[in-house]
Amino acid sequence: MSSTTSQPTLHPLEEFIQRLQAGDALLPDYPENVVEVVGILKSYGVVLDAYSRNLIYIAENQFLVFFPFFKYFNGEITLSKLLQHWWHDRINYEYAEYCMKAMLWHGGGGLDAYLDSPEFKQLANTAIQARFKNNGLILGVNKLFPDFLPESIRQLSYYSALGQFWRVMSDMFIELSDRYDQGEIQSIPQVVDHILKGLVAAANQPITYKVKLRDRVYEIIPDSVGLTFLADTAIPYVEAVFFRGTPFQGVVSYNAQVHQIPTEQKEFTYGALYADPLPIGGSGIPPTQLMQDMIHYLPDYLHEIYRTSCRGEDDLRVQICQSFQKSMYCVTTATIQGLAPYPLNSTDSQQQQANRIYLEGWMNRFITSRLLEVNQRTSRSCQLFPERSTHSAE
């Protein structure tokens, strides 16, 4: 009787595990990918600068304002800006709020835990009493519904925290573009390394939140809580926006009997790493707002690539979304490298085993993502068939 030796079953995405262990990225290192990723992150960095400023403005200057009609104006209310707002010739700050609400809803990290703590409730109540010191009606409502105003402050805390997170990421992406222009960035691994170093440098940057009411400053998230950039904003952001997201209205049914939406939040796969770029441009699709914003800040070299593609600018938002998705896989690669239990190129067998388990955990979540699609090398040319070679096969 012949004996057979069973072979270990390889992970369906084994190629990407090996790629990460070799120091490569989830996105292949093609020259066209470098141009797309750097160019789109330049545009994204400019947009994030605007998003960040507005989120922080709302958190600090629209504190418990029940009808913040001018919250997107950053305190500069003019007829010109009002007309631009009505004509929709403006930054779509609604997308920033969409991301904020996704983080608030999915939670995770120290920020989420702190906002459920007695310390937060005490500080929030102190700020409420100061905000409505001479408003007996609101204070009475607060006694009848004691969770209403604290919940609003909990949301404002996410406004501030996401604004602080995006402040770091905006600067990081703008610097990446500058280094590319200077010839320092020439490959996808270099892009990932730049992002990783930026994340590490800002890892322990404190996340705090305070508001000024009348002549006194009230702390909502004091420095003593110990919230930091990486653990309490970056990682929850990746989870909430890159992976889970929220289902887009008009695309799937919210009817529970239809079962088009998972019953468990942990099963959501509506994030940037899963999204099909084709619906971008359709009504009710939040990322369309982001793509529309990035149109205005595309570097000339990237805009020219889109302009000379097969469909030109007819599907510009879709092309931008495809490039953006590629860039997010670079950011995710940096996150994977930074959070690994040991260096991914370690030669120690025990460390290699721990890293293997760690990487398989990530790959399990990528199985239904668009990882394979972004790895396909496609041409933007309208040419349907490659030119036939004039050389005969030998």
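1. Let's start with helix H6, where Pro118 and Gln122 are exposed on one side; exposed means over 50% relative accessible area, buried under 20%, and partly exposed in between (1.4 Å probe, protein chains only). Helices here (H or I, at least four residues) and strands (E, at least two) are DSSP runs, numbered from the N terminus. On the other side of H6 from that pair, Phe120, Ala124, Ala127, Ile128 and Ala130 are buried. These buried residues cover an arc of only 165° around the axis, which puts them on the same side of H6; the arc is that of the directions from the helix axis to the C-beta atoms.

2. A word on what you are looking at: this is a predicted model, in which local features need pLDDT of at least 70 and side-chain atom pairs count only at pLDDT 80 or more, while totals for chains, interfaces and linings use all residues. Residues are numbered from 1 along each chain as its sequence is written, and side-chain values use heavy atoms, with hydrogens and water left out.

3. Next, helix lengths. H6 covers residues 118-131, and its 14 residues should span 20 Å at 1.5 Å a residue, which agrees with end C-alpha atoms 20 Å apart. The expected span is 1.5 Å times one less than the number of residues in the helix. H2 (residues 31-61) passes the check too: its 31 residues should span 45 Å, and its end C-alpha atoms are 45 Å apart. Of those 31 residues, 22 are buried, so H2 is largely enclosed by the rest of the structure.

4. Now for the strands. E1 (residues 209-213) and E2 (residues 216-221) pair in the antiparallel sense over 5 bridges; two strands pair if DSSP finds at least two bridges between them. Two of the partnerships to look for are lysine 212 with valine 217 and valine 211 with tyrosine 218.

5. Which side chains of E1 are buried, and which are not? Tyr209, Val211 and Leu213 point to one face and are buried, whereas Lys210 and Lys212 point to the other face and are not. That fits the general pattern, as side chains in a regular strand alternate between the two faces of the sheet.

6. The turn of this hairpin deserves a look. There are 2 residues between E1 and E2, and arginine 214 sits in that loop. Its phi is positive, about 60°, although arginine 214 is not a glycine. At 52% relative accessibility, arginine 214 counts as exposed.

7. Histidine 88 is another residue to check, with a positive phi near 65° in a residue other than glycine. For context, most residues other than glycine have a negative phi. Histidine 88 is in the loop between helix H3 (79-86) and helix H4 (93-106), and its relative accessible area of 42% makes histidine 88 partly exposed.

8. On to charges: a search of the whole structure finds 18 salt bridges, where a salt bridge is a side-chain nitrogen of Lys or Arg within 4 Å of a carboxyl oxygen of Asp or Glu. Asp49, Arg53, Arg167 and Asp171 are linked in a network of them.

9. Some individual salt bridges are worth picking out. Arginine 179 meets glutamate 184 at 2.9 Å, N to O; arginine 179 is partly exposed at 24%, as is glutamate 184 at 38%. Glutamate 76 and lysine 81 form another, with their closest N and O atoms 3.9 Å apart. Here glutamate 76 is exposed at 51%, while lysine 81 is partly exposed at 26%.

10. Helix H9 (residues 188-202) holds both aspartate 193 and lysine 197, 4 residues apart, about one turn of the helix. Their salt bridge has its closest N and O atoms 3.2 Å apart. Aspartate 193 is partly exposed at 33%, and lysine 197 is exposed at 55%.

11. Finally, the surface. Phe66, Phe67, Phe69, Phe70, Ile77, Leu137, Val141, Leu144, Phe145 and Phe148 make a nonpolar patch of about 1100 Å². Patch residues have over 30% relative accessible area and no salt bridge, and nonpolar side chains (Val, Leu, Ile, Met, Phe, Trp, Tyr) are joined within 5 Å. Which helix gives the most to the nonpolar patch? Helix H7 (residues 136-144) does, with 3 residues. Leucine 144 lies in H7 and counts as exposed at 65% relative accessibility.

Definitions and conventions
Patches are made of residues with over 30% relative accessible area and no salt bridge: like charges are joined within 9 Å, nonpolar side chains (Val, Leu, Ile, Met, Phe, Trp, Tyr) within 5 Å. Accessible areas come from the Shrake-Rupley method with a 1.4 Å probe; for residues, only the protein chains shown count as cover.
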